[in-house]
Amino acid sequence: VVIALLPAVVVSVLFYGWSELLVLGVSVASCVLLEYLITKYLLKSPCTVGDWSAVITGVLLALNLPATTPWWVVLIGAIFAIGVAKMTFGGLGQNLFNPAIAGRVFLLISFPTYMTDWTKPAGFISSAAVDAYTGATPLGLVAEQGVGAVENMDYLDMLFVNIGGSAGELSALALLAGFVYLLARNVIKPYITLSIWATVAVFAGIFWLVNPAEYTDPVFNLLTGGMLLGSIFMATDYVTSPMSKWGGVVFGIGIGLLTMLIRYFGAYPEGMSFAILIMNSVVPLLNKWFHTKKYGRA
């Protein structure tokens, strides 16, 4: 998973520079250190940092934050992600909610100003003639100004680089490269990701065909915001997703529906994080409904 995230990490560092390196460093170091301290001194159990799950949480949390996020806000997010969302439940394999998503949502509610600061720091590679650029994300533009604000947006540019948003939203192409790698290594459950994409495409397609002047099209919704990062790397988390195939499909459909309902009718322009958390809470029920039958039993 860490290898699959490397393309997105490299692109974010190249375009956001030292600011993004600081966010990544603080996030990963905090998550690893916190898990070590909790397992050693509070749970008094064998250290689990060697399984790299804390590293993955740190990277994902960093990619869910703007590159301008202050280091102390990142630290608070790591404390919530590891200390509350993960270790409170007993550690890896027992947590109900995806730690990185839980950390991001906690910060979004607690520090909305920092979490919606889309100032573009000067990176090692600049896509603009100026050192900094401030503006709403494509989803934010739609929420504030309507569909007309993005009607001339080039989807090819969006596929390669999107300078507005969290670091993990920077390049859809980098995230898709990670998805292909995970599929090749047989690491994730593809039916969860594909069911999310299919649901979003159908839902957005229906509303777009009915009223294209008010609702964005399917391609826009698939490439913007946290759609790719969430559906590829966080919804497919083994611990917080259903064990069965059909449970995973229903899980993905639920995430897709909730995401689009929040995007189109909710108070937030983005709904992926909330949708994943809500469906995480339904996983025990899905495991009960779609349980895998044991050999020789009905």
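On a 1 Å grid over the protein atoms alone, a cavity is a set of points where a 1.4 Å probe fits but cannot get out, whereas a pocket is an open set with protein on both sides within 12 Å along at least five of seven lines; lining residues have an atom within 4 Å of a point. Grid points are joined across faces, edges and corners, and a volume is the space filled by probe spheres set on the points. The structure examined here is a predicted model, in which local features need pLDDT of at least 70 and side-chain atom pairs count only at pLDDT 80 or more, while totals for chains, interfaces and linings use all residues. Residues are numbered from 1 along each chain as its sequence is written, and side-chain values use heavy atoms, with hydrogens and water left out.

## Cavities and the largest pocket

The structure contains three cavities of 30 Å³ or more. The largest cavity encloses about 80 Å³. Its lining consists of Leu 63, Asn 64, Arg 104, Ser 166, Glu 169, Gly 226, Leu 229, Gly 230, Met 234, Glu 270, Met 272 and Ser 273. Two or more of these residues come from each of α12 (227–234) and α14 (272–280); here helices (H or I, at least four residues) and strands (E, at least two) are DSSP runs, numbered from the N terminus. Helix α12 supplies the largest share of the cavity lining, three residues.

The largest pocket has a volume of about 410 Å³. It is lined by 21 residues, of which Val 1, Ser 53, Ile 56, Asp 237 and Tyr 238 are the closest to its centre. At least two lining residues are supplied by each of α3 (53–63), α5 (99–110) and α12, and α3 gives the most, with four residues.

The composition of both linings is tabulated below. Ala, Val, Leu, Ile, Met, Phe, Trp, Tyr, Cys and Pro count as nonpolar, Asp, Glu, Lys and Arg as charged, and the others, Gly among them, as polar.

| Lining | Nonpolar | Polar | Charged |
|---|---|---|---|
| Largest cavity | four residues | five residues | three residues |
| Largest pocket | 13 residues | five residues | three residues |

## Helices α1 and α5

Helix α1 (residues 2–16) has 15 residues and reaches 20 Å from its first C-alpha to its last, close to the 21 Å expected; the expected span of a helix is 1.5 Å times one less than its number of residues. A kink of about 30° is centred on Ala 8 of α1, the bend at a residue being the angle between axes fitted to the seven residues ending there and the seven starting there. Buried residues of α1 include Ala 4, Leu 5, Ala 8, Val 9 and Ser 12; buried means under 20% relative accessible area, exposed over 50%, and partly exposed in between (1.4 Å probe, protein chains only). After α1 comes Gly 17, with a positive phi near 70°.

Ser 12 of α1 is classed as buried because its relative accessible area is 0%. Leaving aside residues up to four places away in sequence, Ser 12 touches Gly 17, Glu 20, Leu 63, Ala 167 and Leu 170, where contact means heavy atoms within 4.5 Å.

The end C-alpha atoms of α5 are 16 Å apart, which agrees with the 16 Å that its 12 residues should span at 1.5 Å a residue. Nine of the 12 residues of α5 are buried, so this helix is largely enclosed by the rest of the structure. Among the buried residues are Pro 99, Gly 103, Arg 104 and Leu 108. Their cover includes α3, α4 (71–86), α6 (112–115), α12 and α14.

## Individual residues

Most residues other than glycine have a negative phi. Lys 44, although not a glycine, has a positive phi of about 50°, and Trp 52 likewise has a positive phi, near 70°. Lys 44 lies in the loop between α2 and α3, as does Trp 52. Lys 44 counts as exposed because its relative accessibility is 66%, whereas Trp 52, at 49%, counts as partly exposed.

Leu 33 belongs to helix α2 (residues 18–42) and is partly exposed, with 49% relative accessibility. Its C-alpha lies 26 Å from that of Ile 276, and the two residues are 243 apart in sequence.

Gly 252 is placed in helix α13 (residues 245–265) and is buried, with a relative accessible area of 0%. Beyond residues up to four places away in sequence, Gly 252 touches Ile 192, Ser 195, Ile 196 and Thr 199. The C-alpha atoms of Gly 252 and Ile 206 are separated by 18 Å, at 46 residues apart along the chain.
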